[in-house]
Amino acid sequence: MVKEVTKNIHRIEGKTGLWEVIVGLEMHAQIASQSKLFSGASTRFSRNPNTQVALVDVAFPGMLPVLNKECIRQGVKTGLGLQGSIQKRSVFERKSYFYPDLPQGYQISQFFFPLVLGGHLDVSVGQKEVYSRRVNLERIHLEQDAGKRVHDLFPNKSALDLNRAGIALMEIVTKPDMRSAEEAMAFLRSLLVLLRHLRTCDANMKGGSMRVDVNVSVRKEGDPLGAHVELKNMHSIKFIGQAIEAESQRQVEALENGENIDQNACRFNPKTGGITVMYATEDAADYRYFPDPDIPPVEIDDSFINAVKEEMPELPNAMVARFCKDYALERYEAEILSEDKDVSRFFEQAILVLKVQKEGAAREMALWIIGEVFARMSEGVSITDIALTPERLAQLVALVLNGSVSRAIGKSILDKIWQSNANPEDIVKFEGLEKISDEENLCQWVKEKVCC
Amino acid sequence: MMLYKYTYSELRAGYEAKDFTVKEVLASYIQKIEENQNLNGYITLCLEQALQEAKKADENFAAGQPRKLEGMPIAVKDNFCMKGLRTTAASKMLENFIPHYNSSVIDRILNEGVIVLGKANMDEFAMGSSNETSYFGSVLNPWGNDKAIAPGGSSGGSAAIVAAGSSVAALGTDTGGSVRQPASFCGITGMRPTYGLCSRYGIVAFASSLDQAGPMTRDVADNALLLSVMAGHDPKDMTTLTEEIPDYSAILKNPISLKGKSFAYIEECLSASDEAVQRNMQNVFALLRERGAIVDPISLKLQKYAISAYVLISACEASSNLARYDGVRYTHRSQNADKLSNLYNESRSEGFGAEVKRRLCIGTYALSASEYEEFYLRVQKLRRLIYNDFMSVFAKYDLILTPTSPSEPFVLGEIQSPCAMYAQDHMTVMNALVGLPGLSIPSGLGAQGLPLGLQIIGNFLSESDIYALAHVLEKEIAFQSWLKK
C-alpha cells in the first residue's frame with residue numbers, strides 16, 4: 001500500500017547546497033473529562049468568568065488537589081492509541097513560576113516520571129505520491145491548564161478568569177522526526193483524527209482544545225541536529241505549515257550568512273508571516289520541579305490497563321486499511337470516511353442495511369456520503385445531528401443501484417427527504433419518478449408524446 | 001466554682017450530673033481569657049458565637065442527646081481555616097483573610113459539639129519554635145510568672161491557652177515538633193498522630209509531607225477523646241489513611257500492665273540533653289523498670305542529620321506552598337507596586353516576616369535545578385534510611401522514649417541564632433520525617449521549676465499503645481499542672 005519513501009523528501013535549496021528541515025512537535029491537548037484534573041469544577045466552557053471554579057482552582061489556603069481518575073484513564077487510552085508504553089508508576093510534580101493566571105504559583109505537571117513513554121503514529125503524507133512517515137513519540141504526560149488574563153475589561157487593571165485553570169491537558173511530545181511542513185501538518189491531522197476516535201480530546205483546534213509548540217531546525221544531510229527555534233502556542237494547522245516554511249527558510253539564510261541560530265521561543269504572526277522572539281530558551285526560568293507532596297504517585301496495574309484496552313475503539317489507521325480492503329474504497333475515500341468516528345459509523349450502518357449485493361455497492365455508498373451528504377451538511381454540523389438516517393440513505397442508494405432511479409433523480413430525492421427523513425421509496429411512488437426501462441411502455445409513451 | 005480548671009472529662013461529668021451548665025463553663029472561660037490577656041494566646045476571639053453554641057449544647061444535654069464533645073471549649077491554632085472567622089497563620093500576609101470554608105478537622109469536631117473560643121497565636125506560617133515569629137507578637141508561657149518565658153512553638157498560643165485555663169483544649173499542628181515541644185514547655189499533653197491520620201484539608205500548609213494536626217489537652221484522656229474525633233479518612237486529602245480509627249478513649253478504661261513491655265531510648269537524644277532533662281528521663285526509666293518493663297538504650301546513628309534534613313525538606317515544600325501568597329487574590333497587597341513584578345516582590349517583602357523569608361530562600365535554593373540532587377533527593381534518601389532504622393527498632397521494642405525538648409523552656413529573646421532555634425526540634429523531627437506518631441506528656445520540672453516533657457514515639461498507627469502507656473505514666477508521674485499548682 002503506502003511505503004516509506006526516502007526519496008522525494010523535502011529539501012531547501014540554499015546557496016551552499018541542500019538543507020534538511022527537522023521538525024518536532026509538542027501538543028497540549030485538553031482531555032475530554034467532566035471535571036478538572038484536580039478539582040470537581042466543571043470543564044464546560046462558560047462565557048461567564050469564574051463560574052467553573054472550585055476552591056482549589058483559586059489556590060485558597062489549605063486547599064488540596066484530588067486526582068480525577070477519569071483523566072488518568074483518558075491519558076492511558078491516548079497512550080495505548082499511540083502505541084506508547086504505559087508507566088505503572090508516574091508522579092505529579094510541581095513546576096514553579098509566578099504568573100497571575102497560575103494561582104498556586106506552580107503548575108502540577110509530570111516531569112521526571114510521565115504517564116506514557118514512547119509510542120508512535122504512522123502518517124500518510126502527500127496527495128499524489130503518498131508515502132508513510134513514522135513519527136515517534138517522546139512521551140505523554142498530564143498537567144493543569146492555566147487561567148486567562150483579561151485586559152480589556154478595565155482601563156487600568158487586568159482581570160482574571162479562572163474557568164480554564166486546572167483543566168486537564170495531556171502534553172504529547174514527538175521526537176524530531178518530521179522533515180517538512182507537509183509532514184508536520186499531516187501528523188497533526190492524523191493525531192486529531194485519532195484523538196477524536198478515542199474520544200479523549202475534542203480535538204478542535206479552532207476551539208482551543210489543542211495548542212501546539214513547533215520546534216524547527218535545519219541541517220545539511222548527515223550533520224548532527226542543530227539549534228532549534230520553538231514556535232509557541234499555535235492553534236492552526238495551516239499557520240503551523242506556514243510558520244515551519246518561513247522559519248526553516250530563515251534559518252537556512254541565516255546559517256548561510258554565517259550567523260548562529262539562537263535557541264529562542266518565538267511567536268509566528270500569520271498576518272505578516274513574521275517571526276518575533278519572545279525569550280531565549282537557553283536561559284529559561286528554573287522551574288524547581290519536585291514531586292507534589294499532596295499527591296501520592298499514580299500506580300496503575302495491568303487490570304486497569306486491560307480494562308482500558310477492552311474499550312479501545314478501532315484505530316483510524318486500521319479502519320482506513322479495512323475500508324480499503326473490505327469495501328474496495330480508494331485510500332483517499334477511506335480516509336475521509338474514517339476521519340470522524342460518527343461518519344464511519346453512519347457509513348457502516350448504511351452498508352449493513354443496504355440490501356444490494358453488487359460489486360461496487362459499498363463504494364457507491366461511500367461516494368454518496370462524501371459527495372452528496374457532506375455537500376448538504378452546513379459547516380460545524382455533525383452527521384449525528386442531521387435528519388437523514390443511514391437506513392433512509394441505504395434505501396435511496398439501493399434505488400440507484402437497482403436502476404430504479406438514475407443518480408440525478410436520486411440526488412433530487414435526497415433533497416426532498418433531507419429535512420424530513422421520509423422514505424425515498426414513497427417519494428418515488430407518489431411522484432412517479434421510477435425509471436422506466438420496460439421497452440414496450442417506453443415506446444408507447446414516446447409515441448404519445450412525439451407522434452401525435 | 002473555678003470551672004476553667006477542669007478537664008473535659010470532669011466537665012462532661014458535671015454537665016451530665018447537672019452540676020453546672022455549658023453556659024456557666026463558658027462564662028468562666030470568658031473571664032479567664034480576660035484575665036490571661038497579657039499572655040497574648042489568642043489572635044482572634046469568637047466568644048459571642050461561642051455563647052450561642054453553649055446554649056445549644058445545654059439544650060442537647062437537657063434533651064439527653066449530647067454529642068461526643070458536646071460543650072467542650074476549644075481554641076484553634078490560627079492555621080485551621082474556619083468559615084467566617086479570620087485565619088491569619090500569624091502572618092501579615094493573611095491579616096485580613098476570612099475563609100468561607102472549614103478545614104475538615106474543624107468540621108469533624110464541630111459536628112461533635114465543640115465550642116470554638118477563638119484562634120490561637122502561633123509562629124508565622126508555623127515556622128518557629130518559640131512563637132516569636134508571629135506577626136501578632138510573642139506569647140508568654142504562664143509558667144514564667146514574672147519572667148518572659150517562651151511557650152514553645154509553633155503552636156505556642158494553643159499550649160499557653162490550655163495551660164493557663166483560657167481553654168480546656170486546643171488544636172495544634174505539628175510539622176517538626178510544633179505540637180509536642182510547646183506542649184512540653186507549657187506542661188500539657190500534645191499528640192502528633194501518624195501522618196495521614198488527620199486530614200490536612202483546610203489547614204494553611206507549611207510542609208505538606210510533614211504537616212499533621214494534633215490535639216493539645218490537659219490530660220491523656222481528653223487527648224485520646226479529641227483525636228478519636230479529629231482522625232479519619234478524608235476524600236478531600238489524598239494523603240489521608242483509609243484505616244478504621246479505633247476509639248482511643250475506650251482503650252484507656254483498663255490500664256495496661258507494664259510487665260514485659262519493652263521500651264527503647266535513643267542514646268543520642270539523651271546525651272544531647274541538659275542534666276536536669278537526663279535526670280528526669282532516668283527517673284521515668286526507673287519507674288518503668290520497677291513495673292517490670294524493659295528499658296534499653298539504642299543508637300540511632302542518623303539522628304545527627306535529622307535537623308538538617310528537616311530544615312531542608314520543610315523549606316523546600318514551604319517555598320512552593322507559600323507561592324500562592326502573591327498579592328494577586330486574597331493576601332496582603334502592596335500599595336507600592338506599579339507593575340506586576342513589583343506587585344509580587346513588594347507584596348511578599350511586606351507580607352512575610354524574616355524567618356519565613358529565610359526559609360523560602362533556603363527552599364528555593366535547594367530546589368533549583370543545579371542543587372536538587374545534592375539536597376532534595378539526598379534528604380529523601382535519608383528519610384528512607386531513617387525509616388529503616390526506626391523499623392528495626394520497632395522489630396524489637398514496643399515504643400521509643402525521648403525527652404521532648406533537650407532543655408527547659410528558655411527566656412523569650414534568648415535564642416537569636418536561627419540554627420540554635422532549629423536545634424530546639426532535636427527530639428521531634430526524626431519521627432516526623434518518616435510520619436511516625438509521637439506524644440508529649442509532662443514529666444516533671446527542671447532546675448528552674450519549668451516543665452519538662454517526655455516523648456513517646458510509636459510505630460505507624462500505634463496511637464492506642466502510645467496513649468495506653470501515657471495514661472499509666474501520667475498517674476505515676478502525677479505532674480502538678482500550672483492551673484492546679
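Two residues are taken to be in contact if their C-beta atoms, placed from the backbone, lie within 7 Å. With that in mind, and remembering that this is a predicted model, begin the tour in chain B.

Select helix 17 of chain B, residues 463-477, together with strand 9, strand 10 and strand 11 of chain B: the helix lies across these three strands, and its direction runs at about 10° to strand 10 of chain B.

Next, add helix 10 of chain B, residues 275-290, which also packs on the sheet and touches strand 7 (262-266), strand 8, strand 9 (399-403), strand 10 (438-445) and strand 11 (451-457) of chain B. If you use strand 10 of chain B as the reference, the direction of helix 10 makes about 105° with it, whereas helix 17 of chain B runs at about 10° to that strand.

Now hide the helices and display the sheet by itself. It is an open sheet of eleven strands in chain B, with mixed pairing, and its order reads 1-3-2-4-6-5-10-11-9-7-8. Strand 1 (42-45) and strand 8 (294-298) of chain B stand at the edges, and because each has a single partner strand, one side of each is left without a neighbour in the sheet. Looking along the sheet, you should find neighbouring strands turned by 30° against each other on average, with direction ignored.

Within this sheet, zoom in on strand 4 (residues 169-174) and strand 6 (residues 212-217) of chain B, which pair in the antiparallel sense over six bridges. To place one of these bridges, label B:A170 and then B:M216, its bridge partner in strand 6 of chain B.

Move on to the contact between the chains, to which chain B brings 34 residues and chain A brings 24 residues. On the side of chain B that touches chain A, select helix 11 (303-321), helix 12 (340-351) and helix 13 (354-367) of chain B, each of which supplies at least two residues; helix 11 of chain B gives the most, with three residues. Coloured by class, this side of chain B divides into 18 nonpolar, nine polar and seven charged residues.

Finish in chain A with helix 1 (residues 69-81) and helix 2 (residues 181-198), whose axes come within 10 Å and cross at roughly 130°; helix 1 and helix 2 of chain A are therefore oblique to each other. Their crossing is right-handed. Show the side chains of A:K77, A:T78 and A:G81 from helix 1 and of A:L194, A:L195 and A:L198 from helix 2, since these residues make the contact. By class, this contact of helix 1 with helix 2 of chain A has three nonpolar, two polar and one charged residues.

Key:
Residues numbered from 1 in each chain as written. Chains lettered and ligands numbered in written order. Predicted model: local features only at pLDDT ≥ 70, side-chain atom pairs only at ≥ 80, totals over all residues. Axes fitted to C-alpha atoms, helices over the stretch in contact; angles between N-to-C directions. Helix = DSSP H or I, 4+ residues; strand = E, 2+ residues; numbered from the N terminus. Parallel < 35°, antiparallel > 145°, perpendicular 65-115°, else oblique. Left-handed = near helix turned anticlockwise from the far one by under 90°. Nonpolar A, V, L, I, M, F, W, Y, C, P; charged D, E, K, R; others polar. Pairing = 2+ DSSP bridges.
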